[in-house]
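Open your viewer and get ready to select residues by number. Each stop on this tour tells you what to pick and what is there.

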Amino acid sequence: MSGAVKLENTARRDALIEIEKKYQKIWADEKVFEVNAPTIEEIPIEDTDELREKYPKHFSTMAFPYMNGVLHAGHSFTLSKVEFATGFERMNGKRALFPLGFHCTGMPIKAAADKIKRELELFGTDFSGVPTDEEEEPKKEAFKREDVTKFTAKKSKAVAKQGKGKYQFEIMIQAGIPKEEIPKFADSSYWLDYFPPLVQRDVTNFGGRVDWRRSFVTTDANPYFDAFVRWQVTRLRECSKIKFGERYTIYSEKDGQACLDHDRSSGEGLNPQEYTGIKIKVTQFAEEAKAILAENKFDLENKNVYLVAATLRPETMYGQTCCFVSPKIDYGIYNVGNGDYYITTERAFKNMSYQKLTPIRGNYESEVVINGKALIGSKIKAPLAVYDDLYVLPMETVLATKGTGVVTCVPSDSPDDFITTRDLANKPEYYNIKKEWVQTEIIPIVQTEKYGDKCAEYLVNELKIQSPKDAIQLAQAKELAYKEGYYNGTLTIGKYKGEKVEEAKPKVKADLIASGDAFVYNEPEGVVVSRSGDECIVSLEDQWYIDYGEESWKSDALECLAHMNTFAKETRHGFEAVLDWLKNWAITRNFGLGTRLPWDEKYLVESLSDSTIYMAYYTVDRFFHSDFFGKVKGVYDIKPEQLTHEVFDYIFTRRENITTDIPIKQLEVIRREFEYFYPLDTRISGKDLIPNHLTFFLYTHVALFPKRFWPKGIRINGHLMLNNAKMSKSTGNFMTLEQIVEKFGADASRIALADAGDSVEDANFDEGNANAAVLRLTTLKEWCEDIVKNKDSLRTGPTDNFFDQAFENEMAALIEESYEHYSATFYKAALKTGLFDFQTARDYYRDSVSNTIGMHKDLVLKYIETQALLIAPIAPHFAEYIYKEVLGHKGSVQTTAFPRASVKASKSIIDALAYVKDLSRSIRESEANVIKKKKGGKPADVDQDKPVKVTLFVSKSFPEWQDNYIEIVRELFENQTLDDTKAIRDRVGKDMKRAMPFISLLKQRLTKEDPETVFNRQLAFDEVEILKSVTSNIKKSPYWLKVEELEIISFDNGASKGTDVLTGKEVEITVSGKIVDASVPGEPGILIKNI
């Protein structure tokens, strides 16, 4: 595994950084990245569709970073994708716009500021009073969503933000903030002043092509953006997308408000999980339980006591055979009114107490605390169960952190229940229970296609599960059983017998609730901790929410997705899955920073809901303000209060005849800017935002904008590892963008980021690659400088030499490949073809002609210019230096056209070059064989101290027997029977020994190559003519041997005579065996002998 690089000598890096600083200043001074729509005076075209057709644009953005810190390597990975796309599209003649704002909405900044304030009070202004002892935090278990039908992003952004610091001031010191500066951060507004300029600095030092005129902070700190958000949410409410009512919400009791994604220190992306709470009546308590109840003066007379089990599968309640509790868990008996009492964990009842399931909201004090062990052996009656008298039994794997701590047992369909029941029946003494308490007769309730009507038993046997402790196999079995039962199962018992489980499940649930045997219960899908350190619950809250999931709205979102470029099928599937389950979302909270809800100002718009269409605001904000905060006027002298809802309607939805004191001519210009740049061409983001922000982005766009302004593309990248390990502040494997650029310079860092990966899978920033890029760029720089300085010494005249033609042809092919890779946003592949392979082509050309005719001036200068342009999107500073200072061109690579091949690359020349390279390699392999000493101390076939003669046997035709088998393979391939060995044997007969190796080779090639190429073995070039043109290179092919004579004999396969192609004379073929027999067109036989 690679690790952090220690730099010994930084001279090369420093040379690159000097170039980078120079051009960053020039680009800023020349306002290269400030991009505007064509004005009506410049281009008098009213129709913006026609305008874009003639003057194309590209508009790409990333999720704006949150301003509780500087950008880290993960940010820079997403940033690099926007960067490369913007650079490439600009070189294609488009007005390429990349704006970047600063997200400040929500709890994180306010919560951190309040922590600093408290720590200042506790520890003093220099924090000298901080306690010295540190407690080790318990290791957090990885979250796995229990409902396996929901899409889950593997990692949240919050993960990377966790540091080693126990206190907020320590976290900030680790982030590089001077201790004496930290007290200022007790004021939340200071964060907004402090971090945005640092982000601008770091992105600029990275070479960012950002139009900073369009940057802004969110929240009411910028009254213009505040007005935009108020317009957005007002219009959503008016079209019935925002509603008011009760809904289940992740809630912080400590904060007294909903705790949404960006308000959390852990648990980002987790939602309420709905269960059915099954009321299992205790008909007779075990003796130990009775004693505890009596001791606590809990009289059972006139009381109904229920064990409450939380289940996702109410339709399986017919098959209950017992009820499990954990001997390791302390349960509470809680009063729920009307003489009813629930036995659950305190955590579960706390959730219930905020869901209108208890007499007093927020009261979760128990009547009695009782350990699970005391409950074992109690008699119960379970709703819908076929068996009447069941028992409470122990299950050691029950968790206090999931559900209610009570588990209903359905061994027909739950692998955990089946294996535990079997274990209890086999070892009653070990568990200190009576064997007759264990009901071993399984009731089949669901018929499945794969696993029959007892899927739990089937999967336990199939996966060879031996014990309840086989946690990994049981987790796999549970997922398989749940999916198969839900999607392909049919109920075989009860009122809805014969119905599909998917249809029967909600009906059974509704019946249980109606009969009073169950209730709806919610809890967080996993552990959620607020920024204030509170472990959250689920509360039933009266609140404003966005009605995501409403059928007609969802239909529009799916239509948008269907016409959108997602760049990878995994991305499309991710969105489809989220759109399938995502429902209403709370739009407000009471605490933090943000925009006030216009019609109910005690609430703030939460941080994911004010960041769904701000890309539209990027297109117009330069007209309103020219600073981040809206304090300095923009192009026009427009006041925030003038930006009424009608004005935004005019700009974004073409509403006419509005009342405003803003001159209509100005609004026309602003609307033209929006309509020119919209729709957004590409939104680039990490995959963790699919379940929330990016799906909200789709929904809000289709609600507020006409179809022609719906987003055109979303490109998702994986998370970024650092040196093949997960990035984490707590382990020290963490780098900020500033640190990366300081260590390696901008262009080397950008190359390493391009090389990190392009798929939705996690990528890797390898410091070794960044360091290698420094050497590669500086070496290339020195070579280019030397070549241009001495260009007059290079060969001129015609470029008719084979290696001239091959080099020019290979450049043409790589140019087009690079163009295709950039167009598809495959930057790792573009880097390979546009830099690594392009350099390799130059190296081969240089080596091939250096000792003979030398390199051609025109080709070498073309290579240098093209190389600069090919890597300009990725390494713009280096490219600019080569283009302007080495080659002396005017203009900038930022706006110079991306290279395209003037003529299509010739396949015959490509094949011929590959042939020459393969021949050189084959000669070296033959050389290694003939100079190797034989066993027993016998001398090698060739003495490497003496000169040699190389003879090439060039067959003009293939063996006839091969032609026959080519036709057989073609026929079998077309009939899709090529893998049928019997069919091959029937056709080949007794010649299998000779035929099968040849047929196997053809089969291998058919998996990688075009069938027509494999079957049509005609060479695309004249083999003999190519060999005649590269004789001097053939002689140089061996490493150790000195070739004094070269003979090339062309012959018909099987003939005893051939022609020496260098002399034209007929010669006898005196050599026999494999060297001659194996020779076929394109693969000469090679003979090396001492002279």
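Which residues have the most contacts inside the largest nonpolar core? Select Ile-864 and Leu-952; they are the ones, in a core of 145 residues. Keep in mind throughout that this is a predicted model.

**Stop 1: the cores**

Stay with Ile-864. Leaving out residues up to four places away in sequence, Ile-864 touches Trp-783, Cys-784, Ile-787, Val-788, Ile-882 and Leu-887. Show those side chains together. Apart from this core lies another, of 82 residues. Tyr-617, Ile-638, Phe-705 and Ile-714 are among them. Colour the two cores separately.

**Stop 2: a sheet of five strands**

Now switch to a cartoon view. Select residues 948-955, which are strand β27, and residues 1043-1051, which are β28. These two strands run parallel and are joined by eight bridges. Find Ser-955, then look across to Phe-1051 in β28, which stands opposite.

Where do β27 and β28 sit in their sheet? The order is β30-β29-β28-β27-β31. The sheet is open, has five strands, and its pairing is mixed. At the edges are β30 (1066-1068) and β31 (1085-1090), each paired on one side only. From one strand to the next, the twist averages 35°.

Add helix α30, residues 907-930. Helix α30 packs on this sheet and touches β27 and β31. The direction of α30 makes about 45° with that of β31.

**Stop 3: two hairpins**

Move along from β28 to β29, residues 1057-1060. Here the strands run antiparallel, with two bridges between them. Ser-1050 stands opposite Thr-1059 in β29. β28 and β29 form a hairpin, with five residues between the strands. Click on Gly-1054 in the turn: its phi is positive, about 90°.

Carry on to β30. Three bridges join β29 and β30, again in the antiparallel sense. Lys-1057 has Glu-1068 in β30 as its bridge partner. This hairpin also has five residues between its strands, and Gly-1064 has a positive phi near 85°.

**Stop 4: a pocket**

Which residues lie nearest the centre of the second largest pocket? Select Arg-1005, Val-1080, Pro-1081, Gly-1082 and Glu-1083. The pocket has a volume of about 1,400 Å³, and its lining counts 39 residues. Elements giving two or more residues to the lining are α30, α31 (960-974), α33 (992-1006), α34 (1011-1015), α37 (1074-1077) and β31. You met α30 at the five-strand sheet, where it packs. Here α30 gives the most to the lining, with ten residues.

**Stop 5: a long jump**

Select Ala-983 in helix α32, residues 981-988. Is Ala-983 buried or exposed? Its relative accessible area is 19%, so Ala-983 counts as buried; the cut-off is under 20%. Now draw a distance from Ala-983 to Phe-127. The two are 83 Å apart, C-alpha to C-alpha, and 856 residues apart in sequence.

**Stop 6: a sheet of four strands**

Next, find the open sheet with the order β2-β1-β23-β24. It has four strands, and the pairing is parallel. The edge strands, each pairing on one side only, are β2 (95-97) and β24 (714-717). Here the twist averages 15° from strand to strand.

Zoom in on β1, residues 57-62. Three bridges link β1 to β2 in the parallel sense. Phe-59 has Leu-97 in β2 as its bridge partner.

Now select helix α3, residues 73-91. Helix α3 packs on the sheet, touching β1, β2, β23 (682-686) and β24. Its direction makes about 175° with that of β1. Within α3, pick Thr-78. Thr-78 has 10% relative accessibility, so it counts as buried. Setting aside neighbours within four places in sequence, Thr-78 contacts Met-62, Ile-684, Ser-685, Gly-686 and Asn-717.

**Stop 7: backbone details in loops**

Select Tyr-678 and Pro-679. A cis peptide bond joins them, with omega about 10°. Pro-679 sits in the loop between α21 (664-677) and β23.

Finish with two asparagines. Asn-432 has a positive phi near 60°, in the loop between α13 (428-431) and β15 (446-447). Asn-723 has a positive phi of about 55°, in the loop between β25 (720-722) and α23 (737-744). Which is buried and which is exposed? Asn-432 is exposed, at 63% relative accessible area, whereas Asn-723 is buried, at 3%.

Conventions: Residues are numbered from 1 along each chain as its sequence is written. This is a predicted model: local features need pLDDT of at least 70, side-chain atom pairs count only at pLDDT 80 or more; totals for chains, interfaces and linings use all residues. Side-chain values use heavy atoms; hydrogens and water are left out. Two strands pair if DSSP finds at least two bridges between them. Axes are lines fitted to C-alpha atoms, for helices over the stretch in contact, and angles run from 0 to 180 degrees between N-to-C directions. Contact means heavy atoms within 4.5 Å. A nonpolar core is a set of buried Ala, Val, Leu, Ile, Met, Phe, Trp, Tyr and Cys residues joined through side-chain atoms within 4.5 Å. Buried means under 20% relative accessible area, exposed over 50%, partly exposed in between (1.4 Å probe, protein chains only). On a 1 Å grid over the protein atoms alone, a cavity is a set of points where a 1.4 Å probe fits but cannot get out, and a pocket is an open set with protein on both sides within 12 Å along at least five of seven lines; lining residues have an atom within 4 Å of a point. Grid points are joined across faces, edges and corners, and a volume is the space filled by probe spheres set on the points.
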